[in-house]
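This briefing covers the nonpolar cores, a strand pair and one tyrosine. The structure comes first, and the notes follow.

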Amino acid sequence: MVFILTNNRVMESVKEIGILRAIGVRKKDISFLFNVENMIIGIEVKYISGLSSDDDISNNEDFDCKNKEEMKKSINQLARESRIISQRGNNKEKVLLFVADRKSCKEVYMDIQKRNILESEVAFGYISWQDFLLQLKKLKVTDPYHEVIINDVIALLTRKGFEDFTNMN
C-alpha cells in the first residue's frame, strides 16, 4: 500500500519537479518532492556518499539571531533543501526526510540538530536503509506485480549489506 501511494505521488510530482528544474533547482538539491494534500515532503537519499556539500556554519543557542533573516545560510545540502521546501506549499506542513545507512543517519541528524541550520518550519527526520529493508520484509502484498518489485528491492538491499543481524537461527 505504501509503495502504491508513493509511486502515485512520484508520478504526480513529475511536473512539479520539472518546474523546479526549469527555475534552476539542481538535480542534486532535492531527490524527490512529494506534494501531498496538506504536506510537502522532500527526500534526500544517500547510498554510499555523504552529503555533497557542507560548511562550519552554526546557528545554535550561542548565535545571537533576532529573526529568520539574520540566520546564517549554510551551504549544507540539507540546509539548502530545507530552504527550497520552506518556499513551497504555503500553509502546508513541511518535512525533509533523509535516507542513508544507520550510522550516517544518526551522525547527520545529530549534527543538523546541534547546528540549527534548517529552516524552522521544516521538520527533519530520517530512516535508515536497514530499517527500510526490515519494514519491506514485514510488508504483506497481495498484488503479484508489487510482490515482484518489493522482492527485488529486498534482494538488492540485502546484497548491498543492509540486512541487520536479527537472531541466532
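Leaving out residues up to four places away in sequence, Leu78 touches Glu44, Leu51, Leu96, Phe98, Val108, Ile112, Leu118 and Phe124, where contact means heavy atoms within 4.5 Å. The model is predicted: local features need pLDDT of at least 70, side-chain atom pairs count only at pLDDT 80 or more, and totals for chains, interfaces and linings use all residues. Numbering runs from 1 along each chain as its sequence is written, and side-chain values use heavy atoms, without hydrogens and water.

**Nonpolar cores**
- The largest nonpolar core (buried Ala, Val, Leu, Ile, Met, Phe, Trp, Tyr and Cys residues joined through side-chain atoms within 4.5 Å) has 14 residues, of which Leu78, Leu96, Phe98, Val108, Ile112, Leu118 and Phe124 touch the most other members.
- At least two residues of this core come from each of helix H2 (77-86), E3, H3 and strand E4 (122-128); helices (H or I, at least four residues) and strands (E, at least two) are DSSP runs, numbered from the N terminus.
- A second, separate core has 11 residues, among them Val95, Val99, Trp129 and Leu136.

**Strand E2**
- Strand E2 (residues 39-45) is largely enclosed by the rest of the structure, because 5 of its 7 residues are buried (under 20% relative accessible area, with exposed over 50% and partly exposed in between; 1.4 Å probe, protein chains only).
- E2 runs parallel to strand E3 (residues 93-100), joined to it by 7 bridges; strands pair if DSSP finds at least two bridges between them.
- Ile40 stands opposite Lys94 in E3.

**Tyr109**
- Tyr109 lies in helix H3 (residues 102-115) and is partly exposed, at a relative accessible area of 26%.
- Beyond its neighbours within four places in sequence, Tyr109 contacts Phe124 and Tyr126.
- Tyr126 is 17 residues from Tyr109 in sequence, with 7.4 Å from C-alpha to C-alpha.
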